[in-house]
Amino acid sequence: MRAALLVSTALLLGGCSVSSEIGKKCNLVRKATPEELAAGSDKTVDLLEGEIADRQDFISFGAPLCEDLICVRDQDFPRARNPDGSLNESAAAEGYCSKPCVDGAANACEVTDTSDVEPNLPGRMSCRSLLLDQETLNQLRASDEGFYRNTFGENNSPFFCAGALNSGTGG
């Protein structure tokens, strides 16, 4: 019985590759206002392109399309455009699924499924600081735990999987 269990486990593990949602497209979200909740909205509401500053990193907690509920847009991620090339301010602001990571960890942010991923993202994905530095996060948490949890949730680290920044122009 024990041998059969070990063989089954070995066969299952040998034939499986672990897939992750890192890099998969998602919509950036924000917490719904009391008015939006009263009108029947979900707990989160999609952000629009017009609500996001250009050429800026953005992290969104609570993104329902991501397994870790984290959607990121780095400053080089392309923005939604109108046919004339102008910004489509009413389009949902997109980013990609991310997760917390440990700075310096090898392959922590590897994109394993490229089926719904921006083409240039897998080659530039890395573990980097997206929020404030660790010291500032610690100070915010110590000074007002409620505000910290409301803003950052249970996150205690500034490091997330995100596209390394290019020196050229993007978005």
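## The largest pocket

How do the residues lining the largest pocket divide into nonpolar, polar and charged? There are eight nonpolar, seven polar and five charged ones. Keep in mind that this is a predicted model.

The largest pocket holds about 550 Å³ of space. Its lining counts 20 residues, and the ones closest to the pocket's centre are S60, F61, N150, T151 and F152. Three elements each put at least two residues into this lining: β2 (29-31), β4 (58-61) and α4 (145-152). Top contributor is β4, which hands over four residues.

## The cavity

Rolling a probe the size of a water molecule over the atoms is a handy way to see where empty space is left. In this model, one cavity of 30 Å³ or more turns up. The largest cavity has about 40 Å³ of space in it.

Which residues line the largest cavity? Going along the chain, you'll find A53, D54, R55 and Q56, then R73, D74, Q75, F77 and R79. Sorted by class, that lining comes to five charged residues, two polar and two nonpolar.

## How α3 meets α4

Two packed helices are described by the angle between their axes and the distance between the axes. For α3 (residues 134-143) and α4, the angle is about 125 degrees and the axes sit 5 Å apart. That makes the two helices oblique to each other, because angles from 65 to 115 degrees count as roughly perpendicular and those over 145 as roughly antiparallel, with 125 falling in neither range.

On the α3 side, the contact uses L137, L140, R141 and S143, while α4 brings E145, Y148, R149 and F152. Split by class, the contact has four nonpolar residues, three charged and one polar. One of the α4 residues here, F152, is also among those closest to the centre of the largest pocket.

## Aromatic pairs

How many aromatic pairs does the structure hold? Two. One of them joins F77 and Y96, with the ring centres 5.6 Å apart and 50 degrees between the planes, so it counts as tilted, the class for planes neither under 30 nor over 60 degrees apart.

F77 sits in the loop between β5 (70-73) and β6 (94-97), and Y96 is in strand β6 itself, so the pair ties together parts 19 residues apart in sequence. F77 also shows up in the lining of the largest cavity.

Key. Residues are numbered from 1 along each chain as its sequence is written. This is a predicted model: local features need pLDDT of at least 70, side-chain atom pairs count only at pLDDT 80 or more; totals for chains, interfaces and linings use all residues. Side-chain values use heavy atoms; hydrogens and water are left out. On a 1 Å grid over the protein atoms alone, a cavity is a set of points where a 1.4 Å probe fits but cannot get out, and a pocket is an open set with protein on both sides within 12 Å along at least five of seven lines; lining residues have an atom within 4 Å of a point. Grid points are joined across faces, edges and corners, and a volume is the space filled by probe spheres set on the points. Ala, Val, Leu, Ile, Met, Phe, Trp, Tyr, Cys and Pro count as nonpolar, Asp, Glu, Lys and Arg as charged, and the others, Gly among them, as polar. Axes are lines fitted to C-alpha atoms, for helices over the stretch in contact, and angles run from 0 to 180 degrees between N-to-C directions. Angles under 35 degrees count as roughly parallel, over 145 as roughly antiparallel, 65 to 115 as roughly perpendicular and the rest as oblique. Contact means heavy atoms within 4.5 Å. Rings of Phe, Tyr and Trp (its six-membered ring) pair if their centres lie within 6.5 Å; planes under 30 degrees apart count as stacked, over 60 as edge-to-face and the rest as tilted.
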